[in-house]
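Biologist: I should like a close look at one part of this model, namely its charged side chains. Please follow that part outward into the strands, in one connected account.

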Amino acid sequence: MLQQQPEDIFDSLDWLGEHEGQLSVDVIESHREIIIRAAIAGIRSEDLDITVTPDTVTIRGMRHHPCQEKDEGTVHIQECHWGGFSRSVVLPCTIHPEKADALLQNGILTILLLKAEMSSN
């Protein structure tokens, strides 16, 4: 689920889709860490890809449609996004990517990032 950044995330743009959804996030800075939270109900950890660099976090995932009923009738309202989504967040300070940790619990993704200037303490 959590990986360090390859040379350039834009080397392969095939994950960008015409109908890709965007993920809403909260970014909180404490004295020691940056915390990113996102409500992503219905997502399994194996459907997430999190890439961390010293100054950016990218979250990509896939929300699978639970059933195919939409093909069997008229959809009157469809507000839920099904399919791929992504979000890149530029961090307010430098962090150590190798010390990043992620937890997906009860539909909430929490990513903990230790600030670089705090790691020597």
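Modeller: Glu 46 and Arg 44 form a salt bridge, with their closest N and O atoms 3.5 Å apart; the term denotes a side-chain nitrogen of Lys or Arg within 4 Å of a carboxyl oxygen of Asp or Glu. The model is a predicted one, in which local features need pLDDT of at least 70 and side-chain atom pairs count only at pLDDT 80 or more, while totals for chains, interfaces and linings use all residues. Residues are numbered from 1 along each chain as its sequence is written, and side-chain values use heavy atoms, with hydrogens and water left out.

Arg 44 also meets Asp 47 in a salt bridge, at 3.0 Å from N to O. Arg 44, Glu 46 and Asp 47 are thus linked in a network of salt bridges. The members of this network differ in their exposure to solvent probes. Glu 46 is exposed, with a relative accessible area of 57%, and Arg 44 is partly exposed at 45%, whereas Asp 47 counts as buried at 15%. Here buried means under 20% relative accessible area, exposed means over 50%, and partly exposed lies in between, as computed with a 1.4 Å probe and protein chains only.

The structure holds 4 salt bridges, one of which joins the side chains of Lys 115 and Glu 29 at 2.7 Å from N to O. Because Lys 115 lies in the segment after strand 9 and Glu 29 in strand 3, this pair ties together parts that are 86 residues apart in sequence. Lys 115 is buried, at 6% relative accessibility, while Glu 29 is partly exposed, at 43%.

The pair leads to the sheet that contains strand 3 and strand 9. In this open sheet, 4 strands stand in the order 3-4-9-8, with antiparallel pairing. Strand 3 (26–29) and strand 8 are its edge strands, each pairing on one side only. Neighbouring strands of the sheet are turned by 15 degrees against each other on average, direction ignored; the axes are lines fitted to C-alpha atoms, for helices over the stretch in contact, and angles run from 0 to 180 degrees between N-to-C directions. Two strands are said to pair if DSSP finds at least two bridges between them. The strands themselves are DSSP runs of E with at least two residues, helices being runs of H or I with at least four, and both are numbered from the N terminus.

Strand 9 has partners on either hand in the order given above. With strand 4 (residues 33–39), strand 9 pairs in the antiparallel sense over 7 bridges, and there Ile 35 stands opposite Leu 112. With strand 8, the antiparallel pairing of strand 9 runs over 5 bridges. In that pairing, Asp 101 has Leu 112 as its bridge partner, and Leu 104 has Leu 109. Leu 112 of strand 9 is therefore flanked in the bridge list by Ile 35 and by Asp 101.

Thr 110 also lies in strand 9 and is buried, with a relative accessible area of 17%. Leaving aside residues up to four places away in sequence, Thr 110 touches Ile 35, Ile 36, Arg 37, Asp 101, Ala 102 and Leu 103; contact means heavy atoms within 4.5 Å.

Strand 8 and strand 9 form a hairpin with 2 residues between them. Asn 106 lies in this loop, between strand 8 (101–105) and strand 9 (108–114). Although not a glycine, Asn 106 has a positive phi of about 55 degrees. Asn 106 is exposed, with a relative accessible area of 75%.

Further pairings involve strand 7 (residues 83–90). Strand 6 (residues 56–63) runs antiparallel to strand 7 and is joined to it by 8 bridges, with Thr 56 opposite Val 90. Strand 2 (residues 21–22) instead runs parallel to strand 7, through 2 bridges, and Gln 22 has Ser 86 as its bridge partner.

For the chain as a whole, there are 0 helices and 9 strands. Buried residues make up 33% of its 121 residues. Of the contacts with a separation of 6 or more, 62% are between residues 24 or more positions apart.
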